[in-house]
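This report describes the chains of one assembly and the contacts between them. Please consult the sequence and the structure shown below while reading.

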Amino acid sequence: MSFSLPRRSITRFSLSMVALSLTAIVLAGCAGEPSAGGDSATPVAGGTLTYASGDAEPTCLDPHVGGNYPQALVGTQFVESLVSENAKGQIIPWLATKWTHGSDGLSWTFSLKPNVKFTDGTPFDAAAVKANVEHIQDPATGSSTGYLALAKVKSVTVEDPHTVTFQLSSPDSALLESLTQPWLAMESPTALKRAQAVNCQTPVGTGPFMVKDWKKQDSITLVRNPHYTSPPADAKHSGKAYLNEIVWRFIPDSASRYAALQAGEVDVIDNAQPDTIVAAKKTKALTELNAPRPGASNRIELNSGKAPFNDEKVREAFVKSADVNAGIKSLFFGTAKRSYSALSSVEKLGYSQPSLFSYDPTAANTLLDQAGWTQRDSSGYRVKDGVRLSVVFPVSTNQSIPAEQSLFQQIQATAKKTGFDVQLEPMDLSSWYTALAKDQYNAVSAPYTKVGPDVLRILYDSAGITPAPSGYFANLSQLNDPQLDTLLTQASATTDATTRADLYTKAQKIILGGYYILPLYDQQNHYLLRTNVVGLRALPSVSTPTFYDAWLRR
Amino acid sequence: MTRPSITEVVCYAVILFLVVCAVAPWMLAPGDPLAIDPSAAFQPPSFSHLFGTDESGRDLYTRVVYGAAPSLLIGVAATAIGIALAVVLGTAAGLGPRWLDFGTSRLLEVLFALPGLLLALLFIVVYGPGIATSTIAVGLATAPGYARIIRSQMRAVSTAPYVEAAVVLGRGGWQRFSRTIMPNVGASLFVLVTLGVGQSIVWASSLSYLGLGAKPPTAEWGALLAAGRTYISSFWWLTFFPGLFIVLSAAAATVLGRSWQNRGRRA
Amino acid sequence: MTFAAVHTAGADLDSASRPGGRALRWLITRLAGCLFVLVAAATITFFALRLIPGDPAQAVLGGPGSQASEAALNHAREEYGLNQPLIVQYLLQLGRYATGDLGTSYSLHEPVATVIGQQLGNTLILAITSLAAAWLFALLLAMWSARGGRIGTAIGSGLEIVAAAVPHFWLATVLILLFSSTLGWLPAVNVPGPIGLVLPTITLAVPLAGFLGQVMRESLLDATASPFVQSVRARGESELGVLWRHTLRHAALPAISLSAWALGSLISGAVVVETIFARPGIGRTLLAAVSDRDVPLVSGIVLVVALVYVLMTVLADVMDRLADPRLRVTRR
């Protein structure tokens, strides 16, 4: 704080601030579980906040390049999207104020917010939007997430400086949802013209903060954008951000990350482990922000493309052999809720069917007998025609937290009783992708984060079985059902909300009913913060934290 | 043969206990190391669960006892691989002609210069995780150290007076090697082996921490230690008991080796 | 046979028998050996990395999980020369190394030399501090336990064994729990300045001190039993005086020659320690590089670490020769 009042006023001011703070603290304490967002005290400008991420450090800060969650986390602070989503799931204005679509659904016209500038002075206008879309669609950029999301965008027309039209090759009901994501955020066209290595280091956006410096393997320094004018429609204030600076660190070890939070060396951490969440809630100094990721739930996909899971009875038997609830209860200490849906609980169009997923070893045994796996070998595993009932299950240690790996071990143990030989294979990320690309798996748990139910098309349309040149394919359950394909294509094309919801429900019934997946829980996304950090909220779209409304209580 | 000291007796007892754990674990722990019981997770040590239970309700004492076999296997086998490689290289360098010595010494220096963990990592990345690959990886990583020492021993011993005496007495090359050189080198080799077993187990546990160790649900001590570390601030027993057994094994082996060496020295 | 013999026999045996010219010939032979080591290290790494399954072009574009197009993959192959036969790639790489060009990292898209330059210093500081601390611990323990007689020796020995059996990742977490979470004396993760170095150093130093201590104890036992020490004792010198003035120097010699090796093993330890304490350094970079299949970065790091190692070895040998007159005479 840098004002210069006469001494008496300062004392009086300080006293009143103290009184106000004490009142706020008392109120917050009385209100039960302190929420990160609600506080009645007046925000105070200034201060440096330190954020420690447990995710891998991005290799490029430009979210157009590649497109993963670590980039989204930090990108939320300095780049902004055309639209956002509010807590009710409605699309709200951000850099675009209004939007309409043509009756055939092949064009979308956006009116852009006036008087918005990138932090390098370049004006944000229709030409900038066009330049961004072209950057994402350019193969040289190497975008994957953004590229896929804009797959149906044929071209972008500049109508006037504040109006831009997207021309589509076929109707896309997911376009708005895709546009809420940071991987399709708007960057300065001037900055995009620089070499990619430079733009990866210091990308330029319109956000409440801007990238000042990036010391690799150490931290990213973000400073307040003094000319900020474009908060999303559900922000809590307008004008500049409160914080002076954010230091964005990377602490891969979860125990150290939590210790640093406790010690006050960092103010906010992500990827909090279940036992630390429970411990943190018990202390007055720490609090939790729970924001499950959108897109798919955390689920185990069963490879229906080859034996033994090409037989639906065997899939159903496996699902009924897994005692998931007991495991979740003991391993996650109540921080994770069981999911019975293919979609995250934050997706409004998610469909759940708990009755399909109960632990029923008797039924499982009957099903396996019916499927012909009647004999058992000396170790107790079932055999048929000399082949053991093996389930190869590669586990990515980068993506599965220890509690989840323990859950898999528990599933392995309960499935053994009905005769499944589950072989868990922990491996690093690259080896894991390689194993998947070579179809060397029977079960796998692969998270997929995307805003909107269109993720079902990516994961369960039969087109998703065809691998990309890198060998990667998204439809890991290798679900190949023409009826499902039709439903998903129709849902992607329709612009009517009711029809869309209905189509997606039908699609999910097929996915769940065929026992292609075993849903576990939402993609866990818990943030722990010190209670002096006030006003932190997660964007309802991608569930990344935004520090725009956040301030530090002294 | 002099009477064994108290320390030696204790060491023998510990080693016997560990060997029984490894070959006949059911005798010391009647339960099933893989039997989960989620409702009984994270129980502290008590009469029903001597070492407490882990995150899936499995009895930790049973798991630690059954873990002796894979852990000691890694420790002993990795050391054996390391020493075997080292003997071959060291002998070539120590007893061969000058040029072979030069070449092999340089090769050893190269292996030294490559960080051991990198060798282990690369091996596991190429051949996949598991006990077998962990063992070979750790053996590869620790071999250069032993090789260097063996080479020096070979060199020193081969120029020692009693070997010269053997030459003068007309003993053939093989006889010289087996009767005079090897026994003398063998004594210090033993110290290396005993030191090495503990080191190998610790190496393997570091690989488990990096996610590259034994496949679940194997109860290998290093894997138990790495898994338990997540919960170390709330549930101390998950790391304490596996760690204790690692230290016990390393200590027993080292102390025993040291005392045998001392006997040799005194004799 | 003991570690003392290791030390004397372990020194290079290629010296001739005239001063001056002898020293020069020795140095030149030594440096030629170093060059061989570097080339061999680069070769082994090159071919070892090619064994890893997977397409290197994918590593350039963010790994197999990225949905890179065929065009982008081909572009990457062209840019990094991945289409040429293996032997050509190998020779080109050697040529580049000879001119000091370490290539461009696949995952970080920066020159490898820049990346290493930024990170190597941190790790070297950590390694050297840890080595010094390990020495300090080992010496203090040796002196303390010698004063304590048989009990002291037993306790000291026991402590060394336990210390050597402690894994880094476990010790790091226990130290953080104790000194940061419970006592609040030290920071949990890396902060700039020497205070951020304390816990990582202790973590690396303790197991090494255990190992060094055991080695020194060996040679101490040998040295104390040797004739000249007996005579010193007979002259009435105190136990501590014997220890400090005579035996310790001899006991320390094998540990000195092991220090060059210790520095190499500290790099391995640094991988875990840098991850847990979130310290920037070459260990963490190496782990990420292997995980990302970043061939140029792994090769570059290996080469630089090998270079540091051989330089340290030469330095250690030079110091040996200066310190120990026995090594200066002709060998058989």
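## Interface of chains B and C

In this predicted model, chain B contributes 46 residues to its contact with chain C, and chain C contributes 43 residues. On the side of chain B, the elements that each give two or more residues are helix 5 (98-113), helix 6 (116-127), helix 7 (131-158), helix 9 (173-209), helix 10 (221-229) and helix 11 (237-266) of chain B. Helix 9 of chain B provides the largest share of that side, namely ten residues.

Sorted by class, the side of chain B that touches chain C comprises 27 nonpolar, 14 polar and five charged residues.

## Interface of chains A and C

Chain C is also in contact with chain A: here 34 residues of chain A meet 40 residues of chain C. At least two residues of the chain A side come from each of helix 7 (196-201), strand 10 (245-250), helix 8 (254-263) and helix 14 (429-437) of chain A. Helix 8 of chain A gives the most to this side, with six residues.

The class composition of the side of chain A that touches chain C is 17 nonpolar, eleven polar and six charged residues.

## A helix pair within chain C

Within chain C, helix 2 (residues 21-51) and helix 5 (residues 86-98) have axes that come within 11 Å of each other and cross at roughly 140°. Helix 2 of chain C is therefore oblique to helix 5 of chain C, an angle over 145 degrees being required for roughly antiparallel. The crossing of helix 2 of chain C and helix 5 of chain C is right-handed.

On helix 2 of chain C, the contact is made by C:Ala42, C:Phe46 and C:Arg50; on helix 5 of chain C, it is made by C:Leu86, C:Tyr90, C:Gln93, C:Leu94 and C:Tyr97. The residues of this contact between helix 2 of chain C and helix 5 of chain C divide into six nonpolar, one polar and one charged.

## Architecture of chain B

Chain B contains eleven helices and zero strands. Along the sequence, its pattern reads α-α-α-α-α-α-α-α-α-α-α.

Chain B has 267 residues, of which 57% count as buried. When contacts in chain B are restricted to residues at least 6 apart in sequence, 67% of them join residues at least 24 apart.

## Architecture of chain A

Chain A has 17 helices and 25 strands. The radius of gyration of chain A is 25 Å, close to the 24 Å expected from the globule rule for 554 residues, so chain A is as compact as a globular protein of that length. Taken along the principal axes, the C-alpha atoms of chain A fill a box of roughly 90 × 55 × 40 Å.

Of the 554 residues in chain A, 55% are buried. Among contacts in chain A between residues at least 6 apart in sequence, 71% join residues at least 24 apart.

## The surroundings of A:Ser178

A:Ser178 is located in helix 5 (residues 175-179) of chain A. A:Ser178 is buried, because 25 other C-beta atoms lie within 10 Å, where 20 or more suffice for a residue to be buried.

Leaving aside residues up to four places away in sequence, A:Ser178 touches A:Ala149, A:Leu184 and A:Val451. The C-alpha atoms of A:Ser178 and A:Gly452 are separated by 7.5 Å, although these residues are 274 residues apart along the chain.

Terms used. Residues are numbered from 1 along each chain as its sequence is written. Chains are lettered from A and ligands numbered from 1 in the order in which they are written. This is a predicted model: local features need pLDDT of at least 70, side-chain atom pairs count only at pLDDT 80 or more; totals for chains, interfaces and linings use all residues. Two residues are in contact if their C-beta atoms, placed from the backbone, lie within 7 Å. Helices (H or I, at least four residues) and strands (E, at least two) are DSSP runs, numbered from the N terminus. Ala, Val, Leu, Ile, Met, Phe, Trp, Tyr, Cys and Pro count as nonpolar, Asp, Glu, Lys and Arg as charged, and the others, Gly among them, as polar. Axes are lines fitted to C-alpha atoms, for helices over the stretch in contact, and angles run from 0 to 180 degrees between N-to-C directions. Angles under 35 degrees count as roughly parallel, over 145 as roughly antiparallel, 65 to 115 as roughly perpendicular and the rest as oblique. A crossing is left-handed if the near helix is turned anticlockwise from the far one by less than a right angle, and right-handed if clockwise. A residue is buried if 20 or more other C-beta atoms lie within 10 Å of its own, exposed if 12 or fewer, and partly exposed in between; C-beta atoms are placed from the backbone. The radius of gyration is taken over C-alpha atoms; the globule rule is 2.2 Å times the number of residues to the power 0.38.
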